[in-house]
Structure formats: C-alpha cells, structure tokens
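Let's take a walk through a protein model together, one region at a time. Keep the picture open beside you and follow along as we go.

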Amino acid sequence: MSRTITMLQAINEALSQEMERDDRVFILGEDIGLSGGVFKVTDGLLDKFGEERVLDTPLAEGIIIAASIGSAMMGLRPVPEIQFADFITPAVDQIIQQASKLRYRSAGGYSCPITIRICCGAGGGSGLYHSQENAAWFVHEPGLKVVMPSTAYDAKGLLLSAIRDPDPVLYFEHKSLYRQAKGDVPEGDFTVPIGPAVVRRPGRDLTILTYGLMTQFSLDAAEQVSKKGVEAEVVEIRTLAPIDKATILSSVRKTNKVLVVHEDKKTMGFGAELAAIISEDAFEDLDGPIMRVTGPDVPPIPFSPNLDKAWQVNTEKILAGIEKLAAY
Amino acid sequence: MASKSNRAVMEPETDRSSHSPELLLGLYRMLVKCRMCDEKARILFRQGKYKGNFYSGVGQEAAEVGTAYSLREDDWIAPSHRDWTSNIIKGVPLKFCFAQLFAKTTSPDRGRSSPAHMGYPPLHVITPASSIAAQLNIGTGVALGIKKLRQDAVVVAYCGDGATSFGGFHEALNFAGVHKLPIIYTVQNNLWAESVPLRLQTALTNLSDRAKAYGFPGFPLDGNDVLAVYDAAQTAIARARAGEGPTLLECKTYRWYGHSEIDPAKYRSKEEVEAWKKRDPIVLFEKQLFDKKLLTESKKAEVAASITDEINEAVEFAEESPYPEASELMDHIWG
C-alpha cells in the first residue's frame, strides 16, 4: 500500500519504522526531541521512543558526531542530525578525520555505521547561515557516502538504506523540498540503494546532470524546451558518493551534450568533477563543451530579497543554459 | 603535586599496605616494560628501522600504568599520540606493537597507521588521531554506547595538558557529565604542549579544576607515583562501573625527551629536565619495593632480562614480517 505523503513525512516515517525494527537505532541532535525538530522532521518520535532513543543534545556538533561514531563502534546505529548544513563545520574534524578514515586505518577492525542527517539548501530568505548546500565538501573524502533525495519515495528508501549501510552516510535533506516534494510512498519497508543515479526524464538532445532541489527545476526547464523541440534528458544523481559513472556516461554517449546544474557554488563544485569524469571517459562522445549552471561564487547567500533572488539558480537560468548548449 | 586533602578525598578506604605483592610487582614489571619498549622504539627509529616519527612517553609511565593496569578485556582505552605503550598495558601482544612501528602486514591494521596512531580492536584500544582531543570525543561516544547497551565496561581516555585547551575536550567532558558516562579522562600534564609552557596554556594551577565546570570530580595527582594514580583510578573506575559518571584525573608528570624524536626540546632548561629525572617514577617505586623487601637487585635484573627477551622476540617478528603489497592500497575504504 502506498499513499501520497511529503518528503518530510517520508523521513519521519523511515526513522520511526527503522527504530521499531532495529533497537540499535537511535537519533540525536539539537532540538529533535521535545520540539520535534526545527522543521518538525522528528516530530512525535520522542513520545514514541523515549529519551533514551531520541536524544536532545548540547549545542555542540563535534560531540554530536563523535558520540555517534563512538557508539557506532559499540555496535549501535546512531542517526545524528545537523540542524543546518551551515552548522556542520564544527563537526568536520570528526567526520573527515575520524568517520571517513576509521575503517581504512584499522584495516576493517573498526567501522562507522552512522547516518548523519543534514538539512541543507536555500529556502528563500534564510540568509547567510541557514541556506548552504555544501554536500560536495564531503564528496572529496573517500570513506564517506553522500546522498541527497529529491522525492518523497527516495527520501524514505535512501534513508533506510543509509541506516543499514555499514559506512558513514551523509544524508542531505533540502529544506525547500520538505513539504513541497510529495509523492506515492509505500507504507511498508523498502529501500532505494545507495549508488545508482536515475534517469528522471529521457531525452535525445542533451543531458542535464543534477541533484537535490535542482532536479525539480531541471525537469521544469526540460518540459519547457520540449515545446521548442529540444529534448533534454534529466539524470538525477541521488548518490553523490560513490558516484554512478555508468548511468552518467551512458546518458552522455546517447545525447553527446552535458549541462550540469547544481545549487552549490561553481568553483571546485560537484560539476567540476562530473566534467572531469566525462572528459576522461567519454571525450570522443562530446559534441559540445560541458556547461554548468550553478550558484555563483559568492561567499554566503545574501539576505536581501533581491540579492537572494539574484543568487539562486532557477528554471530561467537553466533554460538559458540549455539554449546555449543546444546551439552547439 | 597532589595535595593531601585531594588524596584524602580519592583514597578514603585505601590502605597502601593492602596492595598485594602480586599487584605491586605486576605494576613494577609493567612500568619497566613500558619504559624498555619505549626506549627500544626510540633506538629503532634512530637506527632508521622505521620512518615517520615516534612520540616517547618515557617519564610518564606511572600515569598510564596506574590507570590502565587493572582494566578488564571488555574495557576500552582511548590513547593519545604519546600512548603507544598503553596498548602494551591493555594486553596487546608485543609483537603486534613492534610490527606497528615497522608498518608491517602483521600489525593490527596491516601497516596503515603510524606508531602514534596504533589501536587494537580485539582489546578495545581506540585508534588515536593527531587531531587534538579527538580520542576523548570518540571515547565519550564509546562510553555512551556502553551505557546504552547497559554494560558495565569503562573507558579510560588519555590526553596531554595541551588538549585541555581545545574545544573538543570541553564538548566531550560536558557531554559525559550530562549523561554520567562511564569514562575516566586522564590528563598527563607534562607541563609542555609541544613547546608551549603551561603558563601560556591556562590560568589554572590544577587542570583537574576543569571537571568542576562539568559537574563531576577532578583530582590532581602525583603522576609519577604509580600507586597514587592506581588508587585514584580504582576509585574512578568503580564510580564509572556503578553508573555514577566520569572522573578527571590530572597526572602531573614530565616527558623526558622532546615532543617527538625530531624535537631537541631546547625550549626547556636542563635544570628542569634533571629535576624531573630525579623523580623517575620507576626509581621512586623501586625504592618502595626495596623497602618492603619485595624487590632485590637480582629480581630487578631478572625482570629486565625477561623483558629484554620479550622485546627481542617481538622486534625479530616485526623485522621478519613483510610489508603490505601495493595491491592492498584500495582495500577497506568502504564496507
């Protein structure tokens, strides 16, 4: 049985069902218990599971992640929350120096099965420190898995996969999708595997490689250019690390043109890596330059509505990118 | 040095005459073993037998042995970079410890970690990182896991005075205080954070005072008096096992050599170093054992000889072990 629910409900349901299924799973973070989360993602879980499994923590991201790593070494399955991706920096030492390296440096003697839920992305006026989409920071670190769903279905299925995964997974949730992304989601247990990208819209003329909120915008843009006779294939890279090269390359070999779309900044962004992969493995298949529509290289997302709007990637900017690329 | 009032708090029921001869001689042998292994590791480094670096803990043995000696197999330790010998105290076979120095396939991690980062999962030795205080944070997480699983194991987590300035130190202690976690934070205050003297690290006289901020007891100890450390640790461990929460032990001690083997430590005065060498924790303890007639010159020589044999065997094992094949480079990145 499935029914239409929001991404937010899907995440809450996945947490609740997995905590019921596996008593090693517990959640911890700032304001997740009594308040049910800033966006109410964890609403109701404290009442259902009690303080021992729904832990409101001190406001200290480093120890939130370290406490998770240590208890994972004891065989538990912690799911810590980073309230805003902007606040992850104090925990970066634990994530990169500890979590990502633990299995490798101990030759498999220790492992670190934690799932870090991270609320990210521009939400229209959220300002400098509640808006960043910085998943790419972590893609650079082998040993970490990085996922970002854009549908309610994937939100549940990927979260269940993440919690059951033997490695540290960074699970990015885009705040603009929490209530906006709605869809059919099975009531019961199912998983979406970590790894595979998905072709959201087939097309013959060019490939859009994207993830997160930008998947929606890219699909909107693809529908619009379709009326002008340009068929864009939209590939959603639900798992940023490890990356699904096969699906990406197969689409590139079909369309021969690539537009990368992401919300994050341009320089050294995920798009740069995609361009490098394609250039290394599918150079002969390209009929044009790999182009990027991304957030600008501006240090923070500014607060003033006009500046915020100017900053954001939107359907119009993607359309412009498509038209430029299609002209090659 | 520990004040009498603090010692009185820590040792309400401890009568030093109650320590069994087996315990005293066991502590003695372990002190000597740590000293000899550490000195051997230094020699091997200087001989070019392994690369990287080594962070000697010579002079600080009483702090490590006193806290880790009586731990159970299911207890955990979270060493810092200077606590390679804590593996030995926890019971890791010597051959694996030396194989770790040489980064051979027979080391617990098949040659991945440098000597400062040795851990041993089967005996619950956490792999240290060079990130300051990281092991305290991970150790705190392990203590959370122990509590959640309703076990009665404990964690002994080590750091130097330098780590007590780092934010992560405070996050860890605060969290452990909130949840009354079974962990004993052991600060080996050797007065120098690499080359930075204590007076530029803290306005405190006793680093153990930091525990007050987190709602659990902290005690300044003579870190060169193995029995003072042992007794304090026993009280702290019992408290942790009983679910009463963490303790901070500040072991005031001194590292005899530089921060690492490439540090001549010219920032310290010769007088300071010599004064501390006169308070050698092993010599101090030997005197007590001679007074009790538990130790004789011949017994002392016997202990040293048997440890020498053990070390030689371990070094031979390590030297003869192969290096990992290049083909192992990409193993164990993901599970």
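Start where the two chains meet: in this predicted model, 34 residues of chain B are in contact with 31 residues of chain A. Which elements of chain B give two or more residues to the side that touches chain A? They are α6 (134–148) and α7 (167–179) of chain B. The largest share of that side comes from α6(B), with eleven residues. Sort the side of chain B that touches chain A by class and you get 14 nonpolar, 15 polar and five charged residues.

Chain A has a meeting place of its own. It is divided into domain 1 (2–186) and domain 2 (198–326), and the centres of those two domains, taken over C-alpha atoms, are 26 Å apart. Here 24 residues of domain 1 of chain A are in contact with 21 residues of domain 2 of chain A. On the domain 1 side, the elements that give two or more residues are α6 (136–139), β6 (145–147) and α7 (152–164) of chain A. The largest share, three residues, comes from β6(A). By class, this side of domain 1 of chain A has twelve nonpolar, nine polar and three charged residues.

Now hop back to chain B and look for its sheet. It is an open sheet of five strands in the order β1-β2-β3-β7-β6, with parallel pairing. Which strands sit at the edges? Those are β1 (76–78) and β6 (218–222) of chain B, each pairing on one side only. From one strand to the next, the twist averages 20 degrees.

Let's zoom in on strand β2 (residues 155–160) of chain B. It pairs in the parallel sense with β1(B) over three bridges, and six bridges join it to β3(B), also running parallel. You can pick out single partners too: B:W76 has B:V155 as its bridge partner in β2(B), while B:Y158 is partnered with B:T186 in β3(B).

Is β2(B) mostly covered or mostly open? It is mostly covered, as six of its six residues are buried. In a regular strand the side chains alternate between the two faces of the sheet. In β2(B), B:V155, B:A157 and B:C159 lie on one side and B:V156, B:Y158 and B:G160 on the other, and all of these are buried, so both faces are covered.

Some of the helices of chain B lie against this sheet. Helix α3 (residues 61–68) of chain B lies across β1, β2, β3 (183–189) and β7 (247–252) of chain B, running at about 170 degrees to β3(B). And remember α6(B), the one with the largest share of the side that touches chain A? α6(B) also packs on the sheet, touching β1, β2 and β3 of chain B, and its direction makes about 170 degrees with that of β2(B).

Another helix worth finding is α8 (residues 226–241) of chain B. Its 16 residues, at 1.5 Å a residue, should span 22 Å, and its end C-alpha atoms are 22 Å apart, so the two agree. Why can we call α8(B) largely enclosed by the rest of the structure? Because twelve of its 16 residues are buried. B:V226, B:Y230, B:D231 and B:A240 are among them. After α8(B) comes B:G243, with a positive phi near 80 degrees.

Finally, a few backbone oddities. A cis peptide bond joins A:A241 and A:P242, with omega about -5 degrees. You'll find A:P242 in the loop between β12 (239–241) and α9 (245–255) of chain A. Two alanines also have a positive phi, although neither is a glycine:

| Residue | Phi | Loop | C-beta neighbours |
|---|---|---|---|
| A:A107 | about 50 degrees | between α5 (102–105) and β5 (115–120) of chain A | 20 within 10 Å |
| B:A265 | about 55 degrees | between β7 and α9 (270–277) of chain B | 15 inside 10 Å |

Buried or partly exposed: how do these two turn out? The cut-off for buried is 20 or more other C-beta atoms within 10 Å. A:A107 has 20, so it is buried. B:A265 has 15, so it counts as partly exposed.

Definitions and conventions: Residues are numbered from 1 along each chain as its sequence is written. Chains are lettered from A and ligands numbered from 1 in the order in which they are written. This is a predicted model: local features need pLDDT of at least 70, side-chain atom pairs count only at pLDDT 80 or more; totals for chains, interfaces and linings use all residues. Two residues are in contact if their C-beta atoms, placed from the backbone, lie within 7 Å. Helices (H or I, at least four residues) and strands (E, at least two) are DSSP runs, numbered from the N terminus. Ala, Val, Leu, Ile, Met, Phe, Trp, Tyr, Cys and Pro count as nonpolar, Asp, Glu, Lys and Arg as charged, and the others, Gly among them, as polar. Domain bounds come from an automatic or database domain assignment. The expected span of a helix is 1.5 Å times one less than its number of residues. Two strands pair if DSSP finds at least two bridges between them. Axes are lines fitted to C-alpha atoms, for helices over the stretch in contact, and angles run from 0 to 180 degrees between N-to-C directions.
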